[in-house]
Amino acid sequence: MKAATLLSLSLLLVPAVAGAAAKPPNPYLDLDFETAECGSGWALGGSTLYEYGFDPSTAHSGHQSLRIRYIGSQPWTANAQDFGLSDQIFPPALAAGKHLRITAWIRTDGVDDGGRDGGAGLWLEATRNRDEILTSVTSSDMVTGTTGWAQHSLDVDVPAGAAEIEFGATFGGSGTAWFDGFTLQVDGKKFVDGPRPSTAKPAPAAVSWLRKQAIPFTTAEAGNGFDDLQKLKKVVGDARIVALGEATHGTHEFFQMKHRLVEFLANEMGFTLFAIEANQPEATRVNDYVLNGRGDPREALKGLYFWTWNTQEVLDMIEWMRAFNQSGRGRIQFMGFDMQYADVAAANVRSFLATVEPGFAAQAGQDLAAAQKVANAEVNGLPSPIPADQGEAAARNVFEHMTAQRGAYLSRLPQVDVDWAIQNARVVLQSVEAVTGTVSRDQSMADNVGWILDQAPPDSKIVLWAHNAHVGKRPTWMGSYLSQRFGRDLAVLGFAFGQGEYNALGDGSLGPRPAVPSLPGSVEAFLGSPGIPRFIVDLRGIPSSSPAAAWVGKSRLFRSIGAVASRCGFNPTVISSDYDGLIWFSQTSPSILLPF
């Protein structure tokens, strides 16, 4: 069964200190549920027929256990979506291709599955990439009825190709189940839980440092001049890429501030390119409006597929870009660097080949159709009608053929048209590679940013818009690949907030969700300590003797919520490794959604 995982693996792994030869510590998995709920790293989710939480009234060890309680109004059924789940992520580098034994203590009260293969137990699922399941295993001794604490185990041979490993508790039926004291063995060797992120308050000297280093700004709203942002020029420096993150995909102030920063960077620092976490070919429709005034910007924005960007804030930025291009003060383009969807890219390739190489067009059409089947199944959460590696091979055939024929194409068409057609073939291939796990989505997005800069005039500068967990420099994130290629030409600014609401999916609906206030000892608690409502802080070049160095250079809890609601969403991070700077808001509100 597939867990309702709210966090990706990359949000849970803490990178090694740059330049250190020592092996990084194991991640903290809170196997005994002793951390406060919002700092545990456990995703408490699955079916909404259940209530999830930590229970201090009963525990096999320590002071609390995990509790899953059925709250449905009707007798439980055996549908796969009617299971309660709580899951944690295990590093695939430690278990892929090895034998993993999971042990935990389980207690139940009045559990009734109606004889439908429910009950309380353990589970593990290993995937190559997102929904491509390599193995999914559930306990053979699921617990029903009313029982005291008893130990149960699950043995799994983890496939060598596993890129993500989820494990945890599963419960199907009425009644209540408790779980506690997980242990893990890899090839017979016990996994030792990593160090718990500190919840200690920062030293007064560190808070004083932050107060002095903070660059306050008066408003997140564009059109208010740049006097309060002048110190940002030192933070950006000579960087060709400024990557702007976000702690959620639905925060009004984040989106407003990104618009204002694009305005600042275009007017004050010569940035001429903008690219967002959206499919590359589809974004050209927005760019046609921005540059030439053609089309309906609202419809073009909808055509990016994501509700996250279909907001008044993004539309306002697009309209500003159009006005800026008309003003004579400069020129800026709107682009995308994502590659999850294959249809428009495939259509562009078909059109190109029909004109320039009709003899290959028929074969290419068949290959592209095969790749589209795999990519479309992935984005719709459906099983692929053909093997994913078959679709990848078909897409690769088209891309490699067109790359080899580039010289012949250039004899007939301008370079910009030829290279764009080949890039569309690459996007089709990337969409399938992300399914098979051959190349990750983050690496492909980084490659597409590089391609954009390769096509632009020398020394062109670009602003990127994506989630914190893409722009950051942590290994496997997009920012890490960009950092490897561009080094100091990249400046990454993450976004954080203290409390408020944000838009997200959850319980079958889209709308505002409350965020818990900053956790004690978290990055957010540190940023909120000076009492400045909004500011920018540079995290680079902090002397080792500085009181801030010990705080920002250690693992701390940091909020990260994507398009799906998460009550907590705090996970360990080392902010000085992942980001060059942070932009802070003490209070936030939901983005302004436009109708789809």
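Here is a short chat about a few features of this predicted model.

Me: Why is Arg260 called buried?
Reply: Buried means under 20% relative accessible area. Arg260 has a relative accessible area of 0%, so the label fits.

Me: And what makes Arg260 and Asp228 a salt bridge?
Reply: You need a side-chain nitrogen of Lys or Arg within 4 Å of a carboxyl oxygen of Asp or Glu. Here the N to O distance is 2.6 Å, and that meets the cut-off. Arg260 sits in helix H4, while Asp228 is in the loop between strand E12 and helix H3, so the pair ties together parts that are 32 residues apart in sequence.

Me: Is Asp228 buried or exposed, and how do you know?
Reply: Its relative accessible area is 17%, so Asp228 counts as buried, the limit being under 20%.

Me: What about Asp288, why is that one called partly exposed?
Reply: Partly exposed lies in between buried, under 20%, and exposed, over 50%. Asp288 comes out at 25%, so it gets the middle label. Asp288 also forms a salt bridge with Arg294, with the closest N and O atoms 2.9 Å apart.

Me: How do you know that Asp117 is exposed?
Reply: Exposed takes over 50%, and Asp117 has 70%, so it passes. You'll find Asp117 in the loop between strand E5 and strand E6.

Me: What makes the phi of Asp117 worth a look?
Reply: Most residues other than glycine have a negative phi. Asp117 is not a glycine, yet its phi is positive, about 60°. Asp187 has a positive phi too, about 50°, and is not a glycine either.

Definitions and conventions
Residues numbered from 1 in each chain as written. Predicted model: local features only at pLDDT ≥ 70, side-chain atom pairs only at ≥ 80, totals over all residues. Heavy atoms only, no water. Helix = DSSP H or I, 4+ residues; strand = E, 2+ residues; numbered from the N terminus. Buried < 20%, exposed > 50% of the residue type's maximum accessible area, 1.4 Å probe, protein only.
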